[in-house]
Amino acid sequence: MKVCIHRGSRQIGGSCIEIAHDGARIALDFGLPLEGDPADKALLPPIRLDGLEAIAISHPHLDHYGLLHHLRQDVPVAMGQAARRIVRAAAPFTGQALPRLEGFTLAHRTPLDIGPFRITPYLMDHSAYDAYALQVEAGGKTLFYSGDLRGHGRKGGLFEQIVSAPPAGIDVLLMEGSSLSRLEDDDVFPSEAELEEAFVRQFRATAGLSMVLTSAQNIDRVVSLYRACKRSGRTLIIDLYAAAILEATGNGNIPQSDWPGIALFVPESQRTQIRKNEWFELLRRHAKRRVFPEQLRALASTSTVLFRPLMMADLERADALQDAGFIYSQWQGYLERGAYATTQAWLARHRISMHHIHTSGHASPRDLRRFAEALAPGALVPIHSFAPDKYAGLFANVVQHPDGEWWEV
Ligand SMILES: [Zn+2]
């Protein structure tokens with residue numbers, strides 16, 4: 001089995017790996033680089049698509065699938081069924097080009113034979129829903145690609161499971177190391193459960209409307225929010241985008257628009273989208289607990305809104321911001337890059353201060369060490385990290401392979 005990391009050996013984002021054996025080839029992930037323009041074809045990895053058996057997508061984050069829409073050829077895509085539904089549900093709202101996603105379906109610990117490759121997905125704890133690590137076997141060799149993972153989320157049990165009963169005989173482990181440039185070696189991230197407590201405290205300390213800026217696609221976080229709302233006597237108000245994403249999980253244990261304690265609010269700009277695109281059926285499905293702008297002011301003190309910047313004008317017009325609180329619950333980097341400058345100016349204008357409650361979607365160095373020790377690979381190759389040079393000091397059997405180099409497993 002031969003392997004080439006086309007992108008990812010020294011960076012977070014844009015991951016793409018190609019594996020060849022016996023004349024057949026597959027790719028793992030087809031990601032958009034972090035600062036990349038999705039329309040930029042120059043970012044495409046140099047993979048010959050002709051004859052490629054499949055592209056397996058580890059999880060529905062753009063830095064792992066965000067260049068797929070450029071593919072014209074008939075390359076099958078392997079991904080989780082819920083991941084596929086989430087990408088399809090999000091695209092009409094975000095305006096992202098919808099890639100062709102037909103092909104194979106990844107399912108937890110269910111081996112999938114594609115050409116000479118046997119792919120076994122392992123469902124992982126991560127901030128994206130339906131995220132997998134991928135074990136690839138061919139020609140008597142075994143490669144394990146971690147995808148993105150963590151152990152401190154709501155699915156931490158999956159991490160403990162694989163660490164306590166790891167797959168055996170791993171020749172090479174491609175392991176992400178996002179946290180290595182963000183945390184000291186012995187630091188750990190707060191758990192999702194700890195975040196829930198912090199949300200409860202903050203909601204209780206807020207007299208008016210609570211607003212939380214996070215991604216509706218971070219399903220673990222939405223669950224934490226929902227639980228914290230229940231505990232603090234608040235209704236969680238979501239928009240139609242969040243309702244569609246939660247529905248796309250296909251999981252009856254994840255909060256849905258028709259659950260008690262949830263309400264749907266459709267901001268003005270989304271109402272325009274609904275009329276223009278005739279999303280009447282989608283709206284009907286989620287309108288059971290709909291609230292209208294004129295109700296917001298009265299509901300404010302007993303509500304938390306899953307905030308999106310497009311709601312600013314609506315909340316202002318509804319006069320719902322008296323004694324309001326705001327929590328930023330995403331990666332700090334977006335703020336530093338000015339992605340929410342307009343929101344920050346709006347908050348300042350309304351004299352609302354910003355609190356920060358967040359935890360990473362990636363494993364701490366300490367958990368990465370536990371993972372690497374459990375899988376005990378013949379070689380450990382850094383990927384999805386800005387600090388590949390730190391690996392050798394933390395893990396055993398580290399071998400670096402630069403982007404574009406083909407090597408034999
Ligand atoms: Zn990810």
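**His-286.** I looked up His-286 first and found a relative accessibility of 3%, so I logged the residue as buried, the cut-off being under 20%. I note that the model is a predicted one. I placed His-286 in helix α8, which covers residues 280-286. I then looked for a polar partner and found Ser-257, whose side chain makes a polar contact of 2.7 Å with the side chain of His-286. Ser-257 is also among the residues in contact with His-286 once neighbours within four places in sequence are set aside. The others I wrote down are Leu-240, Ala-243, Ala-244, Glu-247 and Leu-264.

**Zinc site.** I listed the donors of the zinc ion as NE2 of His-59, ND1 of His-61, NE2 of His-126 and OD of Asp-148. The distances run from 2.2 to 2.3 Å. I read the spacing of these donor residues along the sequence as H-x1-H-x64-H-x21-D. The angles among the four donor atoms span 89 to 166°, and I recorded the site as irregular. The upper value rules out tetrahedral because that class needs all angles between 85 and 135 degrees. I checked accessibility for two of the donors. His-59 has 1% and is buried, whereas His-61 has a relative accessible area of 24% and is partly exposed.

**Helices α3 and α13.** I took α3 as residues 156-164 and α13 as residues 365-375. Their axes come within 8 Å and cross at roughly 35°. From α3 I noted Phe-159, Glu-160, Ile-162 and Val-163, which meet Asp-367, Arg-370, Phe-371 and Ala-374 of α13. Sorted by class, this contact has five nonpolar and three charged residues, with no polar ones.

Key:
Residues are numbered from 1 along each chain as its sequence is written. This is a predicted model: local features need pLDDT of at least 70, side-chain atom pairs count only at pLDDT 80 or more; totals for chains, interfaces and linings use all residues. Side-chain values use heavy atoms; hydrogens and water are left out. Donors are N, O and S atoms within 2.8 Å of the metal (3.2 Å for Na, K and Ca); water is not among the atoms, so sites may look incomplete. Four donors count as tetrahedral if all angles lie between 85 and 135 degrees; four count as square planar and six as octahedral if opposite donors are over 155 degrees apart and all others between 65 and 115; anything else is irregular. Buried means under 20% relative accessible area, exposed over 50%, partly exposed in between (1.4 Å probe, protein chains only). Axes are lines fitted to C-alpha atoms, for helices over the stretch in contact, and angles run from 0 to 180 degrees between N-to-C directions. Helices (H or I, at least four residues) and strands (E, at least two) are DSSP runs, numbered from the N terminus. Contact means heavy atoms within 4.5 Å. Ala, Val, Leu, Ile, Met, Phe, Trp, Tyr, Cys and Pro count as nonpolar, Asp, Glu, Lys and Arg as charged, and the others, Gly among them, as polar. A polar contact is a pair of N or O atoms within 3.5 Å; within protein, one must be able to donate a hydrogen and the other to accept it, and residues adjacent in sequence count only if both atoms are side-chain atoms.
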